[in-house]
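Work through the exercises below with the sequence and coordinates open. Each task is followed by a solution in steps.

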Amino acid sequence: MGKNGIVVDTNTLTGAKKRQYKRKPKPTFDSQKYRGWIQLFWFGVTIWIGLQFYFFVYYYLAGEKGIYLPRPPGVEGFLPISSLISLRSAIETGQLSWVHPAGLALLVIFIVASFFLRKSFCAFICPVGTVSESLGSVGRMIFKKRLKLPAFLDYPLRSLKYLLLVFFLYAVFYQMSSADIQTFLNSPYNKVADVKMLLFFTRVSEVTFWVLMVLVVLSVIYEGAWCRYLCPYGALLGFIGLFSPAKIMRNSKTCIDCFKCSKVCPSRIKVHKMKAVHSDECFGCMACVDACPVQDTLDMKLPGGRKISPRAYLIAAFMAFLIPILAFKVAGYWNNNITNAEYKEHIENIDSPLYHHNRGQVMTKEKLEQMSRDSD
Ligand code: SF4
Ligand code: SF4
């Protein structure tokens, strides 16, 4: 090392790029370690929500026997379609739906956070993303590297999640009439959509089991397979993140082409070739910024060139979810208006055709009565 931290690292530099550069001071803040802690925190919250909801539903399924835990409203975060329908209703009528208020609140929080902090939902809070990253690290241990699909397969496969997103947006914002939206929101099916989702996983069919197994194996072989190719929620947030003012920026004048940024990028973005990362796949994990060895070369920046340090970014990404969630709770738009007596009735009859739907067409009490009259 020379004066002012100027070094020539002959291990990482080749040919024309063998030149002096100013090495960054040793980072005192390991952003990936703290990102892991934040992921663990939200994962713990998700598991706790899942357990509470499990005991709530199974208490009524068992005829009010066993352990009772109150229903956690946060479970509505797993109802993105219902939340999207609530969002359309809110935009159209100016009225908030009270069937799954926490679901709508979370959808709005995730969308707003994606605008300011890219797809940070995927990097910090999504439990599927956390599991997927863990499975990916198992894969890296086995294969000793992050496996890549060839570009001719990767690009078309990445569009699958956008096709799914377009399908859902088309159905919710175009195909469904305003009357359909209100019928769906207040239908028995929507009221118990969270219960149906729980039973989907606890009464897992053989097909579902094998589909889940295939996804697990794919995620080990190919890190983030679900997120990269199939998750329409990630597609929506990634698309919004494209308009974020915060971007990873590379200073090509000081860059030494060491490739470290691209090597650590979980989204396989070729960071070392870009001036600014304009990718829907960038979820603002800050791994590339940490990995870059050269001072003032790779940073998360705002328009005008203002840098956001990894520490500030991580604090923002944690607070951007926690504070609005608490704010919605305090403001009273969190718990729904379904009583426990009503839940008891719904859950005890959950296998009735009243709680079925056919391609978004939900059953109502009136339709069911009409059908039974017609069959008599
Ligand atoms: S470009 Fe950087 S911040 Fe974006 S996903 Fe890749 S490593 Fe993370
Ligand atoms: S931007 Fe990437 S390629 Fe350039 S010096 Fe930093 S880590 Fe190396």
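**Exercise 1: the ligand shell**

Task: sort the shell around ligand 1 by residue class, and state which residues come nearest.

Solution. The shell around ligand 1 consists of 12 nonpolar and two polar residues, with no charged residue. This is a predicted model. There are 14 residues around ligand 1. Those that come nearest are C265, C282, C285, A287 and C288. Cys and Ala both count as nonpolar.

**Exercise 2: a helix pair**

Task: describe how α3 packs against α15, giving the angle, the direction and the handedness of the crossing.

Solution. Begin with the ranges: α3 covers residues 101-117 and α15 covers residues 310-331. Their axes lie 10 Å apart and make an angle of about 150°. Angles over 145 degrees count as roughly antiparallel, so α3 is roughly antiparallel to α15. The crossing of the two helices is right-handed.

Next, list the contact residues. From α3 come A105, I109, A113, F116 and L117. They meet A316, A317, A320, F321, P324, I325 and F328 of α15. By class, the contact of α3 with α15 holds 12 nonpolar residues, no polar ones and no charged ones.

**Exercise 3: the whole chain**

Task: summarise the protein chain by secondary structure, extent, burial and contact range.

Solution. Count the elements: the chain has 17 helices and seven strands. Along the principal axes, its C-alpha atoms fill a box of roughly 90 × 45 × 45 Å. Of the 376 residues, 32% are buried. Finally, take the contacts with a separation of 6 or more: 71% of them join residues 24 or more positions apart.

Definitions and conventions
Residues numbered from 1 in each chain as written. Chains lettered and ligands numbered in written order. Predicted model: local features only at pLDDT ≥ 70, side-chain atom pairs only at ≥ 80, totals over all residues. Helix = DSSP H or I, 4+ residues; strand = E, 2+ residues; numbered from the N terminus. Buried ≥ 20, exposed ≤ 12 C-beta atoms within 10 Å, placed from the backbone. Contact = placed C-beta atoms within 7 Å. Axes fitted to C-alpha atoms, helices over the stretch in contact; angles between N-to-C directions. Parallel < 35°, antiparallel > 145°, perpendicular 65-115°, else oblique. Left-handed = near helix turned anticlockwise from the far one by under 90°. Near = placed C-beta within 6 Å.
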